[in-house]
Amino acid sequence: MNISIIGTGYVGLVTGACFAEFGVQVTCVDKDVEKIAALERGETPIYEPGLEALVARNVRERRLSFSADTPQAVRSSLVVFIAVQTPPAADGSTDLRAVEDVAREIGRSMDGYKVVVTKSTVPVGTSARVRAWIEEELAARGVSHRFSVASNPEFLREGAAIGDFMRPDRVVIGAEDSEAVAIMKDLYRPLYLNETPFVITDLPSSELTKYAANSFLATKISFINEMACLCERVGGDIHAVARGIGLDRRIGSKFLHPGPGFGGACFPKDTRSAAHFAREAGERLEIVEAVIRVNERQRERAVDKIARALGGELRAKTVALLGLSFKPETDDLREAPALEIARRLLAGGAAVRAFDPVAMANAARELPAITLCKNEYEACENANALVLVTEWNQFRMLDLARVRGLLREPIVVDLRNVYDPVAMRAAGFRYECVGR
Ligand SMILES: NC(=O)c1ccc[n+]([C@@H]2O[C@H](COP(=O)([O-])OP(=O)(O)OC[C@H]3O[C@@H](n4cnc5c(N)ncnc54)[C@H](O)[C@@H]3O)[C@@H](O)[C@H]2O)c1
């Protein structure tokens, strides 16, 4: 089967490479010609473990190719995935311009039956709009072609994307007709044979499932962060509490780790988007709205914690930030807690030295006012405090004696609770963490 993926970002490139690995003939398309040129030179534009080798193998075996020519890719494909960005607009709604552009382009180039699949995360009703945009373009051309629209939200996690795509907990497919369902099942046959659960449903249910999943996961994070704040007031160790509730199978132990709040390209925008389109539909998602507020407050609390550890004054202090990406094993800085923490520290008059194992190039663009260091130890040189923001493995076993020698003051603010408070205090650090 020939398919094309329009939008070769974190989701599109992983999706394309994984389908190619299944044996499908895939064209990954992007309007960013530099990105396509880099991919054609064998360079992977994002950091995702295992992706470079997977892409290289499937290019070599001629199942995966890259193109900036959407019309040509559409004409040669039975299934066309839309995997472009759906960023938040200022009012919390979802900016669907990239999805509309692609849908219209599909309508302008379609030459026969296609299944047009929205993989981007989009508000309920968008697949129906995709159909309308395509039909408008077909009408403008004075032609009529039969096509199906489908929704196939993506649940992969950056940093573990290939494993998530190859061994998903489930695949959700929303479609209007049995022909599209049959083609989608055929495309996902390796997983179907694997007994991966498939949820086959209508378009709105499929679209909403993605928002419900991310809202629920974000709720768990904000919930445990609130409990961590309460522990700081009334006593208690949030890890004992999280374990105590997580062992209840109705609750589950995942996503119960306190920290500086959720970030990344999905949870912040998807919770805001869900809250927004629900309100527009006349229904308030009060839990989701609270989750968003708690998350914003958690960022502020992180900065307050740093300021308190520094004696209440940020001005003229230097802070070493370890870990900038929104989580380990990705170079993605979108809505990363570290960005907001760094900006607030700078606004308060502090200087920031930082290191991240893979996000330095992105950080140079996003945070030109901070000093980017060669490694974690250089970041600590003459800093008043070390702040651990993202728990990369290499920050889990720092040479603490060396860190102490490099810091101007022995202050560690561990926003991921990586270190043991008793051991850190015994080692002479003023140690702050979350909810213990
Ligand atoms: N990143 C994740 O972990 C993740 C997980 C699940 C779902 N999603 C959703 O998947 C979608 C894509 O996310 P992403 O992180 O891959 O975005 P991204 O920004 O990394 O990639 C989007 C790509 O689409 C390209 N593009 C935009 N308009 C185009 C057009 N008209 N023609 C061709 N290419 C075009 C851009 O140049 C870019 O390379 C979003 O809706 C997101 O919410 C993301």
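This is a short tutorial dialogue on reading helix packing and a sheet in a predicted model.

Trainee: Let's start with helices. How are two packed helices described?

Mentor: By two things: the angle between their axes and the distance between those axes. Here, look at α5 (residues 97-109) and α6 (residues 126-141): they pack at about 40 degrees, and their axes are 8 Å apart. That makes α5 oblique to α6.

Trainee: And which hand does the crossing of α5 and α6 have, left or right?

Mentor: Right-handed: that's how α5 passes α6.

Trainee: Which residues of α5 and α6 meet?

Mentor: From α5 you've got Val99, Glu100, Ala103, Arg104, Ile106, Gly107, Arg108 and Ser109. On the α6 side, find Thr126, Val130, Trp133, Ile134, Glu136, Glu137, Leu138 and Arg141. Sort the residues of this contact by type and you get 7 nonpolar, 3 polar and 6 charged.

Trainee: OK, on to the sheet. What is the order of its strands?

Mentor: Read across the sheet rather than along the chain. The order is β3-β2-β1-β4-β5-β6-β7-β8, so to speak a list of neighbours, in an open sheet of 8 strands with mixed pairing. At the edges sit β3 (64-67) and β8 (198-201), each of which pairs on one side only. From one strand to the next, the twist averages 20 degrees.

Trainee: Mixed pairing, right. How do β5 and β7 each run relative to β6?

Mentor: Take β6 (residues 147-151) and check both sides. With β5 it runs parallel, and 5 bridges join the two; Thr118 stands opposite Ser151 in β6. With β7 (residues 171-175), β6 runs antiparallel, joined by 2 bridges. There, Ala150 stands opposite Ala175 in β7.

Trainee: Which helices pack on this sheet?

Mentor: Two to look at are α5 and α8. Helix α5 touches β1 (2-6), β4 (79-82) and β5 (114-118), and its direction makes about 160 degrees with that of β4. Helix α8 (residues 178-187) touches β1, β4, β5, β6, β7 and β8, and the angle between its direction and that of β4 is about 80 degrees.

Trainee: Back to β6. Are its residues buried or exposed?

Mentor: Follow the side each residue faces. Phe147, Val149 and Ser151 point one way, Ser148 and Ala150 point the other way, and all are buried. With 5 of the 5 residues of β6 buried, the strand is therefore largely enclosed by the rest of the structure.

Technical notes: Residues numbered from 1 in each chain as written. Predicted model: local features only at pLDDT ≥ 70, side-chain atom pairs only at ≥ 80, totals over all residues. Heavy atoms only, no water. Axes fitted to C-alpha atoms, helices over the stretch in contact; angles between N-to-C directions. Helix = DSSP H or I, 4+ residues; strand = E, 2+ residues; numbered from the N terminus. Parallel < 35°, antiparallel > 145°, perpendicular 65-115°, else oblique. Left-handed = near helix turned anticlockwise from the far one by under 90°. Contact = heavy atoms within 4.5 Å. Nonpolar A, V, L, I, M, F, W, Y, C, P; charged D, E, K, R; others polar. Pairing = 2+ DSSP bridges. Buried < 20%, exposed > 50% of the residue type's maximum accessible area, 1.4 Å probe, protein only.
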